[in-house]
Amino acid sequence: MAGTGWIIQVNEDLKNMEGLSTEKHHWNKGSIYKLPASLTDMNKKAYKPQTVSFGPYHYDPSNPMEEHKHRALLHFLKRCGKSVELFVDALAEVENDLKDSYTLLHSVPKEVTDIFLQLMILDGCFMLEILRTAAHVLEDYAPNDPIFGNHGRLHVVPYIKRDMLMLENQLPMIVLEKLVAVEHDKAKDEGFVTKVILKFLCSCNVSANMGKCVHVLDVYRKSLLQHEPDHKYIRHKIRSMGRDDEIVWSATELNEAGIRFKKSATTSLKDITFARGVLRLPVVVVDDTTESMFLNLMAFERFHVGAGSEVTSYLLFMDNIIDNARDVALLHSKGIIQNALGSDKAVANLFNSLSKDVTQDPDSSLQIVHKRVYHYCRKPWNKWRANLIHTYFRNPWAIISFIAGVFLFVFTIAQTGYSIYPYYRPVHDSSPSNVILVPAPPPPKQSSSDSTSPSTLVISFILVTMGCMLTN
C-alpha cells in the first residue's frame, strides 16, 4: 500500500498544479541542456569542450584558459571605459532568466552556482572578444598575444570555435546582448550580435534576419537552413508510407538508374530537390569538426521543443544515399561533398555513424523528395537500366566482354542471313521482252568452319553469357 506521506504530497501538488499557460511558459525557458549519458557515452569528445568552457556545466577553475578570460575582461573594460559594476547590475536584472536557460543547473556544484553572474560576465566578455577577431584586429592586445594575436587566431581560435558549437557549452544570447548594450550605452539594433556571430562562424554571406535566437549554436543552425522552399514542394501533411517505400537506394545505384546529381543553388541543408531525373544537393564540407558540429545540432533539435528537425532529416537522407566509399566518390566528383577529412571511406563511415539511434520526422519536407526518388526508381525502364549497368558495366572487363558478345551475336545472325539469302531469293532476268524463270541453284557446300546452324548460334550465345558472368 502507498505511504501516507506520499498520498498527502500528491494531493498537495494537485492543489498547487500550474495552469496550462504557466506550464507552457515553464517549458519555453530552457535552451541549454545537460545531455544524458546514454547519448554522450557514444562519443564523449563530441559533446565536451576541449579548449575552453562557457557557462557552468564544464567550468573548471584549473583550466589555463580561465586566466585568459580574466585578461580579456580587463581589456574589454579598459577599452569601453565602463566599470564592472554596470555590467553586473545589467545581468542581475535578468539573473533568473539566465539560470532558467540551463535546464540542469541544480546538478552543478554549489560553489559554481554561487559565482553564476561572475561566470556570465567573464565568459560573455571573452566570447565577445573572440567573436571580434573575425571582424578586425584588436589593437590593444600585444602582437604576440597567445590568444588574440596572429598566432592565436591560427592555432587556438579554431578550437575555441569548435567548442562554441557544443550544446552544453553555450551562453544565453541575452548575456551577449546585455554586455553590448552597456558597452555602447544603449541597446544595439536587433540582430547586431547575430551578425557578429555569423561573421565569425560562417565564411558565406547569410542574412542576419533569423528571428529570436537563444544562443550561438542556434544562430549557426539557422544559418545552415536559410532557404525558402519551392512552392511545388509545399504539401499538406505527408501520408505515412509503407515499409517498401522507406528503402532508398545508394547514390551509386541511383546513378545507375539514371538519376543525375547536381549542386543546389544554395548551401542550405533544406535545399534538396528532385525533378526530371535530377537530384540537387547542397555542398557540404567534411572536416575534423563536422562530426561534433552535427551531433550537437541534432542534440539541440532532439531536446529543444519547437526547434525543428531539418538537420536531423538531412543527415538521415545523406546516410540513406551513402553506403560506401564509391557513393562518396560519386558525390565528390559532382562537387557536392568537399572532402577535407581524408579517405572517402572515412566520410562514408562518418555519415553512417551520425544517424545511429535517430528517428525520422514523418512530416519532413525531405519525405517528399524521398518519395519522388523512390517512385522514379520503381519505373520499369529505370529498374532494367539499373540492373543492366549493375550486372554488365561494373568494371572495364565486363564492358569489353559484353560489347564483344553483342558484336559476335549480331555478326553470327548477319552471316546466317547472308548464307541462306540465295536459296530463298531466285535469280530473275531483268529483260523486258522475255521473262525466263531459272531454278535457283542449291546452296553451296560449306566447310565445317563456316557452318551457321542454329546450334552455332546457341553455342555462341552461351559462350558470350558465360564470359559476361565470369568477368563480374
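**View 1. Helix H6 and the helices around its buried residues.** The buried residues of H6 are in contact with four partners: helix H5 (65–80), helix H7 (95–101), helix H9 (116–132) and helix H12 (173–183). Contact here means heavy atoms within 4.5 Å, while helices (H or I, at least four residues) and strands (E, at least two) are DSSP runs, numbered from the N terminus. H6 itself covers residues 84–92, and Phe87, Ala90 and Leu91 are buried in this helix. Viewed down the axis of H6, the buried residues fall within an arc of 90°, so they line one face of the helix. That arc is taken from the directions from the helix axis to the C-beta atoms. A residue is buried under 20% relative accessible area, exposed over 50%, and partly exposed in between (1.4 Å probe, protein chains only). As background, an α-helix has 3.6 residues a turn, so residues three or four places apart point the same way.

You are looking at a predicted model, in which local features need pLDDT of at least 70, side-chain atom pairs count only at pLDDT 80 or more, and totals for chains, interfaces and linings use all residues. Residues are numbered from 1 along each chain as its sequence is written, and side-chain values use heavy atoms, with hydrogens and water left out.

**View 2. The whole chain, for orientation.** Step back for a moment and you will find 23 helices and five strands in the protein chain. Of its 472 residues, 40% are buried. Among contacts with a separation of 6 or more, 70% are between residues 24 or more positions apart. The accessible surface comes to about 27,600 Å², and carbon and sulfur atoms account for 57% of that surface. Accessible areas come from the Shrake-Rupley method with a 1.4 Å probe; for residues, only the protein chains shown count as cover.

**View 3. Helix H13, a mostly covered helix.** In H13 (residues 192–201), seven of the 10 residues are buried. They are Val193, Thr194, Val196, Ile197, Leu198, Phe200 and Leu201. Follow these side chains outward and you meet H9, helix H11 (157–164), H12 and helix H14 (216–224), the helices that the buried residues of H13 pack against.

**View 4. Tyrosine 102 and its aromatic partners.** The whole structure holds nine aromatic pairs. In tyrosine 57 and tyrosine 102, the ring centres are 5.5 Å apart and the planes lie at 90°, so this pair is edge-to-face. Rings of Phe, Tyr and Trp (its six-membered ring) pair if their centres lie within 6.5 Å; planes under 30 degrees apart count as stacked, over 60 as edge-to-face and the rest as tilted. The two tyrosines come from distant parts of the chain, 45 residues apart: tyrosine 57 sits in the loop between helix H4 (44–47) and H5, and tyrosine 102 in the loop between H7 and helix H8 (110–113). Both tyrosine 57 and tyrosine 102 are buried. Tyrosine 102 also makes an edge-to-face pair with phenylalanine 116, at 6.0 Å centre to centre and 90° between the planes. Phenylalanine 116 belongs to helix H9 and lies 14 residues from tyrosine 102 in the chain. Relative accessible area is 3% for tyrosine 102 and 1% for phenylalanine 116, which is buried as well. Elsewhere, ring pairs join Phe54, Phe126, Tyr141 and Phe148 into a cluster.

**View 5. Salt bridges that link parts of the chain.** Side chains of opposite charge can pair when their charged atoms come close. The whole structure has 17 salt bridges, each a side-chain nitrogen of Lys or Arg within 4 Å of a carboxyl oxygen of Asp or Glu. Glutamate 310 and arginine 221 form one of them, with 2.7 Å from N to O. This bridge joins helix H17 (residues 310–321), home of glutamate 310, to helix H14, home of arginine 221, across 89 residues. Glutamate 310 is partly exposed at 30% relative accessible area, whereas arginine 221 is buried at 4%. Another bridge pairs lysine 29 with aspartate 100 at 3.6 Å, N to O. Here helix H2 (residues 20–29) supplies lysine 29 and helix H7 supplies aspartate 100, 71 residues apart. Lysine 29 is partly exposed at 32%, and so is aspartate 100 at 31%. Finally, look for Arg79, Glu129, Arg132, Asp140 and Glu183, which salt bridges link in a network.
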